[in-house]
Amino acid sequence: MSRVAVPVRARLVVVMLSMACLLGGAVPATVSASSASYQDLEHFALSLVNCTRTGGWVRSDGSCKGRGSGRYSAYRKPLTFHSGIASKVSRVYAGKLAAADACEHNLHGSSIQQRFHQGGYTGTPFGESIGCSGGFTTRQMVIRTHRMMQAEKSSNGWHWKNMKNPDFKRVGVGIARHGRQSRIVFDFYGA
């Protein structure tokens with residue numbers, strides 16, 4: 001009889017999921033993609049985006065200088081939080097990225113468009129920005145990710161374009177952590 005080698009990480013995931021089933025479905029926070037403890041950080045992340053979007057500038061401590069002023073870049077109307085996109089698209093994908101220790105837009109061949117459609121969102125402009133970090137607290141990851149995206153102002157990078165796109169009206173935000181790896185997903189939507 002041949003034996004298949006199973007990586008230690010895969011065995012650990014199976015053990016943790018088995019324990020969760022035995023405990024009535026409770027999953028440890030280190031595996032959870034949509035833990036309620038991250039909802040405050042998701043709204044904090046949105047406040048950073050709206051600081052930059054309205055012409056302010058986010059500092060290294062997460063504070064905002066010049067919110068709503070149009071001083072550091074052209075003013076755009078603030079985005080609103082879309083709880084449906086957050087729960088059906090952003091948090092799900094953030095969890096998959098964290099569990100896979102990946103940082104990409106097309107994990108396992110999925111696309112941004114497919115994720116929106118599977119969540120029930122079609123027919124409008126949409127975009128996605130993701131951030132990945134290890135070795136920092138989740139709050140530090142949120143701030144660092146935002147500041148890296150904000151720094152794309154000089155090159156007009158895609159993360160900057162997504163934050164400043166006037167066609168986007170709402171955003172879903174999802175945060176997940178697995179071990180020391182944190183992921184954040186911003187899913188921008190035009191409706």
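Helix 3 (83-100) and helix 4 (112-118) each supply at least two residues to the lining of the largest pocket. The model examined here is predicted. Helix 3 gives the most to this lining, with five residues. The volume of the largest pocket is about 170 Å³.

The lining of the largest pocket is made up of Lys 88, Val 89, Val 92, Tyr 93, Lys 96, Leu 107, His 108, Ser 110, Gln 114, Arg 115 and Gln 118. By class, the lining residues divide into four nonpolar, four polar and three charged. Charged residues of the lining include Lys 88, Lys 96 and Arg 115. Among the nonpolar ones are Val 89, Val 92, Tyr 93 and Leu 107. His 108, Ser 110, Gln 114 and Gln 118 count as polar.

Aromatic contacts were examined next. Six aromatic pairs are found in a search of the whole structure. Tyr 121 and Tyr 189 form one of the pairs, with an edge-to-face arrangement. Their ring centres are 5.5 Å apart, and the planes meet at 75 degrees. Tyr 121 lies in the loop between helix 4 and strand 4 (126-134), and Tyr 189 lies in strand 6 (residues 181-189), so this pair ties together parts that are 68 residues apart in sequence. Both Tyr 121 and Tyr 189 are buried.

A stacked pair is formed by Phe 168 and Phe 188. Here the centre-to-centre distance is 5.5 Å, with 20 degrees between the planes. This pair also links distant parts of the chain. Phe 168 is placed in the loop between helix 6 (158-164) and strand 5 (170-178), whereas Phe 188 belongs to strand 6. The two residues are 20 residues apart. Phe 168 has a relative accessibility of 3% and therefore counts as buried. Phe 188 is buried as well, with a relative accessible area of 1%. The cut-off for buried is under 20% relative accessible area.

Ring pairs also build a cluster. Its members are Phe 116, Tyr 121, Phe 126 and Tyr 189. The edge-to-face pair of Tyr 121 and Tyr 189 thus has both of its residues in this cluster.

Two contacts between a charge and a ring complete the description. The charged end of Arg 139 sits over the ring of Phe 44, at 4.2 Å from the ring centre. Lys 161 places its charged end over the ring of Trp 158, at 4.3 Å from the centre of that ring.

Definitions and conventions
Residues are numbered from 1 along each chain as its sequence is written. This is a predicted model: local features need pLDDT of at least 70, side-chain atom pairs count only at pLDDT 80 or more; totals for chains, interfaces and linings use all residues. Side-chain values use heavy atoms; hydrogens and water are left out. On a 1 Å grid over the protein atoms alone, a cavity is a set of points where a 1.4 Å probe fits but cannot get out, and a pocket is an open set with protein on both sides within 12 Å along at least five of seven lines; lining residues have an atom within 4 Å of a point. Grid points are joined across faces, edges and corners, and a volume is the space filled by probe spheres set on the points. Helices (H or I, at least four residues) and strands (E, at least two) are DSSP runs, numbered from the N terminus. Rings of Phe, Tyr and Trp (its six-membered ring) pair if their centres lie within 6.5 Å; planes under 30 degrees apart count as stacked, over 60 as edge-to-face and the rest as tilted. Buried means under 20% relative accessible area, exposed over 50%, partly exposed in between (1.4 Å probe, protein chains only). A charge sits over a ring if NZ of Lys or CZ of Arg is within 6 Å of the ring centre and within 35 degrees of the ring normal.
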